[in-house]
Amino acid sequence: MVSDLFWESSFDDMKKGYAESEEHYQCLLCGESIEKGIIYPVEGLFYEAKRYMKLHVEQQHGSVFHHLIELDKDVTGLSGHQKNLVKYFKEGKSDSDIQKEMGIGSSSTIRNHRFTLKKKERQAKVFLTLMELLNDGEEEKVLSKSNTAPKRSQRYSVSDEEREKILAKNFPQGLSGTLRTFHLQEKHRLVVLEELSGHFEFGATYTEKEVNDILTPFYDDYAVLRRYLIEYGFLERSADGSSYWRKGETGMSTGSKDYKKQMKQLAKEIKTEGGVYQIKNLHNHKIYIGSTPNIKTLNGVKFTLKTNTHQNKELQDEWNTYGADAFSIEMLETIKREEEKALSKKDLLKLEAKWLEKLQPYGEKGYHSPKADKKEK
């Protein structure tokens, strides 16, 4: 299968296997999303988010080609026989080699199959063009522009009556109740997002936690609501993600000197937290101790376990055996960087050594080797 986002993506993104938004890279094949601005560790190497997503596609799906070619005929339009031929063509095998592999009568039969697939490709291009023209013809009138309306929401014209129907359908318990689902066609999604944006005041700034707290009562996956509110232009956020505000506020322009000065000051005031964390197996109570200069990278640590690439083999094996729900990840102690300086590796290792000494995660109690820990020091 592929994620719902796959069908809404551009042809170029489909070929890459992932899409890019303001905050994330998301795999179009499985829906896995990773946050920008985080360095992800894999087997002792460190990858920025984009390269890490490429690595995810390679490790989890082999390649976009290999993932898609294994999908059902209803999705690919290819019979089992045609799929095998396409695989061999991809591998660069000659007609005679394919003839032997598949036990086909003659090389001319292979050439006929190549011709049939090329014909199918041309038909697909014509069909896509026809559908693009059809969609252009059916696109509804653009909404009248306003200072606060996000550009993407201007694709659709929605009457007050239609808006009420959409909201009633998707908020069955009333506008203060939970959202039925967020798997919506774009027109409905925009109406829902516009309604949710009304819970944020113009002129006010919010932390990410405050945004999450506002959105949580409406939908369990508050992160996806937050992401789409930003992508569709209802909310904006500072470059470091420390503050959010409702787009279109009249008090301060995002391009003004005062605004830039305020954002710069906010960024200075934010001190990145790092420290020592613990991964605990809730089944047998064994623990793993690690350190990080930025607690946001814990998402990356969890992702390495999900993708079977964590550097501690014993921890990885038990994660694979017991499953993600059998483990907890929590910070044991945090420290903040001073102004613009990054947290010292020496300070982190010293703090990590303190917790290793305190918790003794060796043998039956943990995933560490005393010899390895001494070697690292």
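**Exercise 1. Two helices in contact**

Task: At what angle do helix α10 and helix α12 pack, and how far apart are their axes?

Solution. Helix α10 covers residues 186-197 and helix α12 covers residues 222-231. In this predicted model, the two pack at an angle of about 95°, and their axes are 10 Å apart. Angles of 65 to 115 degrees count as roughly perpendicular. The pair α10 and α12 is therefore roughly perpendicular.

The next step is to find the residues that meet. From α10 come R189, L193, L196 and S197, and from α12 come L225, Y228 and L229. Sorted by class, the residues of this contact are five nonpolar, one polar and one charged.

**Exercise 2. A second pair of helices**

Task: How do the axes of α9 and α10 cross, and which residues meet?

Solution. Helix α9 spans residues 160-170. Its axis and that of α10 come within 10 Å and cross at roughly 85°. With this angle, α9 and α10 are therefore roughly perpendicular to each other.

On the α9 side, the contact uses E162, R163, I166, L167 and N170. On the α10 side, the partners are K187, H188, V191, V192, E194 and E195. The class count for the contact of α9 with α10 is four nonpolar, two polar and five charged residues.

**Exercise 3. Aromatic rings**

Task: How many aromatic pairs does a search of the whole structure find? Which kind of pair do Y18 and Y25 form?

Solution. The search finds eight aromatic pairs. A pair of aromatic rings is described by the distance of the centres and the angle of the planes.

For Y18 and Y25, the distance is 5.9 Å centre to centre and the angle between the planes is 80°. Planes over 60 degrees apart count as edge-to-face. The pair of Y18 and Y25 is edge-to-face. Both Y18 and Y25 are buried.

For Y228 and Y232, the centres are 5.9 Å apart and the planes stand at 35°, so this pair is tilted. Y228 and Y232 are also both buried. These two residues belong to one aromatic cluster with F182 and Y219. Y228 has appeared before: it is one of the α12 residues that meet α10.

**Exercise 4. Lysines over rings**

Task: Which lysine lies over the face of Y25, and which over the face of F65?

Solution. K36 lies over the face of Y25, at 5.1 Å from the ring centre. Y25 is also the ring that pairs with Y18. K90 lies over the face of F65, and here the distance from the ring centre is 5.2 Å.

**Exercise 5. A helix and the residue after it**

Task: Which residues of helix α6 are buried, and what phi does G92 take?

Solution. Helix α6 runs over residues 80-90. Its buried residues are Q82, K83, L85, V86, Y88 and F89. Just after α6, G92 takes a positive phi of about 80°.

Next, consider positive phi in residues other than glycine. Most residues other than glycine have a negative phi. H285 has a phi near 70°, and so a positive value is found in a residue that is not glycine. H285 sits in the loop between β9 (273-281) and β10 (287-292). Q360, with a phi near 50°, also has a positive value and is not glycine. Q360 lies in the loop between α16 (345-359) and α17 (370-376).

**Exercise 6. Accessibility and contacts in strands**

Task: Why does S291 count as partly exposed, and which residues does S291 contact?

Solution. S291 lies in strand β10. Partly exposed covers the range between under 20% and over 50% relative accessible area. At 25% relative accessibility, S291 therefore counts as partly exposed. Leaving aside neighbours within four places in sequence, S291 is in contact with G275, V276, Y277, L348 and E352. The C-alpha atoms of S291 and K350 are separated by 9.9 Å, although the two are 59 residues apart along the chain.

I335 can be treated in the same way. I335 is in strand β11, residues 327-336. With a relative accessible area of 27%, I335 is partly exposed. The C-alpha atoms of I335 and L348 are 8.8 Å apart, and 13 residues separate the two along the chain.

Notes:
Residues are numbered from 1 along each chain as its sequence is written. This is a predicted model: local features need pLDDT of at least 70, side-chain atom pairs count only at pLDDT 80 or more; totals for chains, interfaces and linings use all residues. Side-chain values use heavy atoms; hydrogens and water are left out. Rings of Phe, Tyr and Trp (its six-membered ring) pair if their centres lie within 6.5 Å; planes under 30 degrees apart count as stacked, over 60 as edge-to-face and the rest as tilted. Buried means under 20% relative accessible area, exposed over 50%, partly exposed in between (1.4 Å probe, protein chains only). A charge sits over a ring if NZ of Lys or CZ of Arg is within 6 Å of the ring centre and within 35 degrees of the ring normal. Axes are lines fitted to C-alpha atoms, for helices over the stretch in contact, and angles run from 0 to 180 degrees between N-to-C directions. Helices (H or I, at least four residues) and strands (E, at least two) are DSSP runs, numbered from the N terminus. Angles under 35 degrees count as roughly parallel, over 145 as roughly antiparallel, 65 to 115 as roughly perpendicular and the rest as oblique. Contact means heavy atoms within 4.5 Å. Ala, Val, Leu, Ile, Met, Phe, Trp, Tyr, Cys and Pro count as nonpolar, Asp, Glu, Lys and Arg as charged, and the others, Gly among them, as polar.
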